[in-house]
Amino acid sequence: MFMSKIVHFHNDHQQTAAPELKTLFGRYYDRLVFFAWQIIKDKQQAEDIAQDAFIAYWRQRDKIADHPTTIKNFLYSCVKNASLDLIRHLQVVDQFQATLPCIEQGESYIIEAIISSEIIADVHAALEALPAHLRQLSKLSFLEGKKNHEVAEELGMSINTVKKQKQRALEILKLNLNPETLTLLLAFGAYFLRK
Amino acid sequence: MEQFDDLYNLSRLITGYLKDDLNDQEQQQLQNWLEEKPENRAQFDHLIAESKLKSDFSGYGQTHKSAAWKRIVRETGYRTSKKVFSMPRIAAAASILIGLSLGGYFFLHKQPAQQISQNKVQDIAPGGNKAILTLSNGQKVSLTDAENGNIAQQSGTQIKKAQNGQVVYLANSLSTKGANATEVVYNTISTPRGGQWQLILPDGSRVWLNAASSITFPTAFTGNNRIVKITGEAYFEVIHNAAKPFRVTTKDQTIEDIGTHFNINAYDDEGSIRTTLVEGSVKVSNATGSATLTPGQQSIVQNDNKIVVTQADLDEAIAWKNGLFHFDRADIQTIMREFARWYDVDVQYNGNIPRMAFNGNIDRNSNASVALQVLSVAGVNFKIEGKKIIVQP
């Protein structure tokens, strides 16, 4: 189509090509921290490294394709490189750090760390999406493996209510988790379906 | 490892395995990797071991998020913009009573401040969250205006509007699980011009409806596949289920999802059906053939019914869902068709309109006068008369 001229205009104040930084942060921060932590085993430094990744992304976003997988890979790469750099540095200053699992196992450990982060993030998100009153109960029951009477005591409700609400939470989780992940989740609260 | 692009690919395969979200090709890739050497199998088993997952959980998510976010904002100078819509991940607890639910969420649009001056400038407010639910018996219910609570009754099922605009289906008694359970009932949600709506289908899949669009769906997906029908434009985030493929039909084509986020623009007056894939994989079919899209691709079907696959402008395809008009070398007619749907206006062209192409973004929350002013820098003049926009040189 022939066009005599092209007019450029913008009245929005955002860089619209890039996704919202806040959205990316909400989606990936915890899992990147968890990924870094698996490598360096230091919570505060893991958080710093994850934050650096978002800052690096924002500064370079013009060069990064606006595609969810590309952005995610970029963030993971940043965290991986920064974590490994940190460890190499530590190795130099302190020979004992050489006992970290990622030094012993190398690349395969990194792969495991990424997959672990992804799985945990998925289940965590499903739990977070539960209505507030079911969320607390589900965390205690499924993740911390507490027994019904312990949960009842902690939340100040009857054992019968705990049982009913667990059933309800399970039904909702079923809608939001893939079957395999759900099976794993339920395995944590092994006695969940028992009385 | 050599057959994988990088370790993220393997990660995706194993996560996909855990989530039961692999297509045949991916399953084969994973199988090949597992059989390549015993170490791989051992690593795989270790990864999905219960004890490891359990200990991982205890360490997950205990971060200092607000302090972290503050630092990122400080170092990037990032300004948080108004969120255009929220994406709550889940439907209400009530839906589980009979295991089917349909949630319609309002887009959380900030309504523009009402014009205080009445007669100074004629203006037109942008569209908003408006939709109508049509039951199988033809009864129509305005979702926009409905109060929370019961809104309709349908073959042994009560239909309620819950807080935040959600629509929930409740069985009146357990008896409906018996004889009537096999009866499939279709409902339609449609948006008028100047309306948009977000909903959650009974399987949890999410749908955004643009203005002047509709979706028809069963209140429960009982068969071997999940089929919905749309007109106009819709964005889908489908919950994958290999055993129950998800299909979207439009007037002349069918889209089969293979786990995925995609947009379909099938407005009659656009003269083509454009399907844009953001994530995952879809297969587009019509009478002349079929094509499988990879992320970032768009299929275009025009009058000749041939499916043409091109590289998509993702920003353009899903801008509407993100609260924007986004134009890339768009002509004035294309822009005005979109305005007509969103501002619920008719467009009249007077005289010889110069041919030109527009690039850029306009906030969909702008009043029509603001949007038109942005365009008028090109030397086109616009006049608003009631519900009509007049375009002249």
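Start by selecting B:R226 in this predicted model. At 3% relative accessibility it counts as buried, because the cut-off for that label is under 20%. Show the secondary structure and you will find B:R226 in strand β12 of chain B, which covers residues 226-237.

Now display the side chain of B:R226 as sticks. Where does the side chain of B:R226 reach? Follow it to the backbone oxygen of B:I239, at 2.8 Å.

Next, bring up the surroundings of B:R226. Setting aside neighbours within four places in sequence, its contacts include B:D203, B:S205 and B:F221. Also among them are the run from B:V238 through B:I239 and B:H240 to B:N241, then B:K244, B:P245, B:F246 and B:R247, and finally B:D257.

From there, jump to helix α8 of chain B, residues 368-376. Colour B:A368, B:A371, B:L372, B:V374 and B:L375, which are buried. Turn the view until you look down the axis of α8(B): the buried residues fall within an arc of 150 degrees, so they line one face of the helix. The spacing helps explain such a pattern: an α-helix has 3.6 residues a turn, so residues three or four places apart point the same way.

Finally, zoom out to the whole of chain B. Here you can pick out eight helices and 25 strands. Of its 393 residues, 50% count as buried. Switch on a surface, and chain B exposes about 18,000 Å², with carbon and sulfur atoms supplying 48% of that area. If you draw contacts between residues at least 6 apart in sequence, 50% of those in chain B join residues at least 24 apart.

Key: Residues numbered from 1 in each chain as written. Chains lettered and ligands numbered in written order. Predicted model: local features only at pLDDT ≥ 70, side-chain atom pairs only at ≥ 80, totals over all residues. Heavy atoms only, no water. Helix = DSSP H or I, 4+ residues; strand = E, 2+ residues; numbered from the N terminus. Buried < 20%, exposed > 50% of the residue type's maximum accessible area, 1.4 Å probe, protein only. Polar contact = N/O pair within 3.5 Å; in protein donor to acceptor, adjacent residues only side chain to side chain. Contact = heavy atoms within 4.5 Å. Arc of directions from axis to C-beta. Areas by Shrake-Rupley, 256 points an atom, 1.4 Å probe, with all protein chains shown as cover.
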